[in-house]
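Work through these exercises with the model open beside you. Try each task before you read its solution.

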Amino acid sequence: MDSKKMDTTNDTPSSRRGFLGKSAALGLAGVTLGLAGCKEEAAAGGKSAAAPAAHHGTEIAPGQLDDYYAFISSGHSGEARVLGLPSGRTLKRIPVFNVDCMVGWGITNESKAIIGTKPDGTLKYITGDTHHVHGSYKNGTYDGRWLFINDKLHSRVARIRMDTMECDKITELPNVAGFHGLFPDKRDPVDQKIDYTTRVFCGAEFHIPLPNDGRDLDNPDKWGALFSCVSAETMEVMWQVRVDGNMDLCATSYDGKLAACNQYNVENAADLNGMMAAERDACVFLHIERVEALVKAGKFTTIGSSKVPVVDGRKAANADPKSAISLYVPVSKNPHGVNASPDGKYFVCSGKLSPTATVIELSKVLQWFDGNVKDPRDTVVAEPEIGLGPLHTAFDGRGNAYTSLFLDSQAVKWNVDAAIAQFKGDKNAKVIIEKLDVHYQPGHNYSSMGETREADGKYLNSGNKFSKDRFLPVGPLHPETEQLVDISGASMKLIADHTAYPEPHDGIIVRRDVVKTRQIHTMTDFPNAVTPENAGIERKGNKVHVRLMSQAPAFSMPVIKVKKGDEVTLTLTNYDKVEDLTHGCAIPTYNINFIVNPQETKSVTFKADHAGAFWLYCTHFCHALHLEMRSRFLVEA
Ligand code: CUK
């Protein structure tokens, strides 16, 4: 670890005594016990959290913090997860495409508006399948602003604010199915002075009728797949490109000019045999500047009710390299994964059904688009044999690549320059440096800062699909493993097995100084924040608005009375100002359960359809008098 890049000011967690002092100073709506976090005092003992000790392996002593955040996908559980590395401790689960009753995600009006609702107000989707999490970039490295994450199930892209680690936008891609690969751009393709993320690119794995309205159901030959570009700022879909074949993973170049997807179904087939028919599949490159010039010139169509411009990236329309927007580079059969090397020079596609990785040189791709390279295959500068079932490749910033081998259950370390030399005919080139057993059947692996220019070659995480005998059995389904490998030395060292709830795919490992989180919210960010002036009950016909405030250990109203049949909107603002002093708000038999963080406002709307007395209570432990923090919610018959 480059010590200059480490932010050591974070090493001392905010002192427990400081925390107590601040909360004690706050007036507690008439109760001034100041016992927030009542167990804390004993735990603090006489010793405050000390300066960092040198880490040995994965052990992070009590009071010490990890060096890295890992942001990982969670597959069909639909959320994003945050781990600390090297300890592997789970720091947070961020609900995104799922419904989460701890946070109230999918329950509050604010989260429902982000997820999207049907005309009757219920959620449009309650499931999701996340595979790829990537951070926004500035100057070729993470800027700590946003994370973007895909939903393969319903073809949605979500954005997570890194300062709160909460999802703030979700966009559904029109006319897309099986949205799998996602990658933000790293530089603006048109205005090269803009050296930060402005767009997010999305591949599409499944062919569907275009539009998908019941036409061509029995004629999959006519189906197609669209590549989509989403604005990072507005999260609106800017344009789409129709390609031949499908798209699996996605990568972008550091100069902003190119995006690429590996294709395992150039055949456009609808069954397994058909998808495996061709000896070679492809990696399709898109020339982003040219795509946007076509859109600007109005040379696009639209599909169905979508207004998003769609340009034609199919081979037939792109025969002349000098005007082409797409290039199909043949790579080994049914590839998986495409990854950019941190020096900005190469994309690597893995063979999956072939024991090879294909190295494509980006300057040659640009030369092809200029008409100076004839054969698309001439952009390939290496194709080493690396092992069975290669999937994803990570980098250490020292010229080495680490590819997951699904069938061999290994991570293989190989040298990119040696592979290029071997491809040119050097028989003595030593391509394979080392193979390390992982347990078992790895999908993705990813390295610390490995997808940035600051790849630091410290850790590699191997996300394994099977753990078999690594943990105590818990029934027919075993946990997955995230195995941490120290790659800083000459040889790889497996240093930890971390369990993971199914099913993580990809992740990124981010230096902790990149991430700047907020301690509390800003009340004025919430237009519906409850104020002492408007707090209380407002009735308009049978619509009742309950405006409530919380401050440990009380809600502002001890009694809330409504009538059966009322439509109740309950808005709650948390007036506590101390970090972590979060309250919950639950109403029995009404399915209401959500949290409000300090200075945050959230609301729920529901029909008071059954009469009775219900204790509205705080679910999130907040104070010595937490249990007493409850109000009577009375529904008159
Ligand atoms: S994919 Cu899962 S192991 Cu969705 Cu990135 Cu390759």
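The exercises below go from strands to the ligand, the cores and single residues.

This is a predicted model, in which local features need pLDDT of at least 70, side-chain atom pairs count only at pLDDT 80 or more, and totals for chains, interfaces and linings use all residues. Residues are numbered from 1 along each chain as its sequence is written, and side-chain values use heavy atoms, with hydrogens and water left out.

**Exercise 1. Strand β6 and its partners**

Find the strands that pair with β6, and locate the bridge partners of Ala-158.

Solution.
- Start with the terms. Strands (E, at least two residues) and helices (H or I, at least four) are DSSP runs, numbered from the N terminus. Two strands pair if DSSP finds at least two bridges between them.
- Take β5, residues 141–151. It pairs with β6 in the antiparallel sense, over 6 bridges. Here Ile-149 stands opposite Ala-158.
- Move to β7, residues 166–172. Its pairing with β6 is antiparallel too, over 6 bridges. In β7, Ile-170 is the bridge partner of Ala-158.
- Check the turns. The β5 and β6 hairpin has 4 residues between the strands, and Ser-155 takes a positive phi near 50°. The hairpin of β6 and β7 also has 4 residues between its strands, and Met-165 in the turn has a positive phi of about 55°.
- Finish with burial. Buried means under 20% relative accessible area, exposed means over 50%, and partly exposed lies in between (1.4 Å probe, protein chains only). In β6, residues 156–161, 5 of the 6 residues are buried.

**Exercise 2. The ligand shell**

List the residues that surround the ligand, then sort them by class.

Solution.
- A residue is near a molecule if one of its heavy atoms lies within 4 Å of it.
- Collect the histidines: His-131, His-132, His-180, His-336, His-392, His-444 and His-505 are in the shell.
- Add Leu-249, Gly-443 and Lys-465.
- Set the classes. Ala, Val, Leu, Ile, Met, Phe, Trp, Tyr, Cys and Pro count as nonpolar; Asp, Glu, Lys and Arg count as charged; the others, Gly among them, count as polar.
- Read off the result: 1 nonpolar, 8 polar and 1 charged residues.

**Exercise 3. Two nonpolar cores**

Which residues of the largest nonpolar core touch the most other members?

Solution.
- A nonpolar core is a set of buried Ala, Val, Leu, Ile, Met, Phe, Trp, Tyr and Cys residues joined through side-chain atoms within 4.5 Å.
- The largest core has 70 residues; Phe-71, Val-96, Phe-227, Trp-239 and Val-241 touch the most other members.
- Keep a second core apart from it. This separate set has 30 residues, including Val-562, Phe-594, Met-629 and Val-635.
- Now zoom in on Val-241. Contact means heavy atoms within 4.5 Å. Beyond residues up to four places away in sequence, Val-241 touches Ala-225, Leu-226, Phe-227, Leu-286, Val-291, Val-311, Gly-313 and Ile-325.
- Follow one of these contacts, Val-291. Val-291 is one of the buried residues of helix α5, residues 288–296.

**Exercise 4. Two polar side chains**

Are Arg-215 and Ser-603 buried, partly exposed or exposed?

Solution.
- Arg-215 sits in the loop between β9 (199–202) and β10 (225–231). It counts as partly exposed because its relative accessibility is 38%.
- Ser-603 is in strand β37, residues 601–607. It counts as buried because its relative accessibility is 5%.
- Compare their polar contacts (a pair of N or O atoms within 3.5 Å; within protein, one must be able to donate a hydrogen and the other to accept it, and residues adjacent in sequence count only if both atoms are side-chain atoms). The Arg-215 side chain meets that of Asp-213 at 2.7 Å. The Ser-603 side chain meets that of Glu-110 at 2.8 Å.

**Exercise 5. Unusual backbone**

Where are the cis peptide bonds?

Solution.
- Most residues other than glycine have a negative phi, and most peptide bonds are trans.
- One cis bond joins Leu-210 and Pro-211, with omega about -5°. Pro-211 lies in the loop between β9 and β10.
- Another joins His-439 and Tyr-440, with omega about -10°.
- Add a positive phi: that of Asp-580 is near 75°. Asp-580 counts as exposed because its relative accessibility is 62%.
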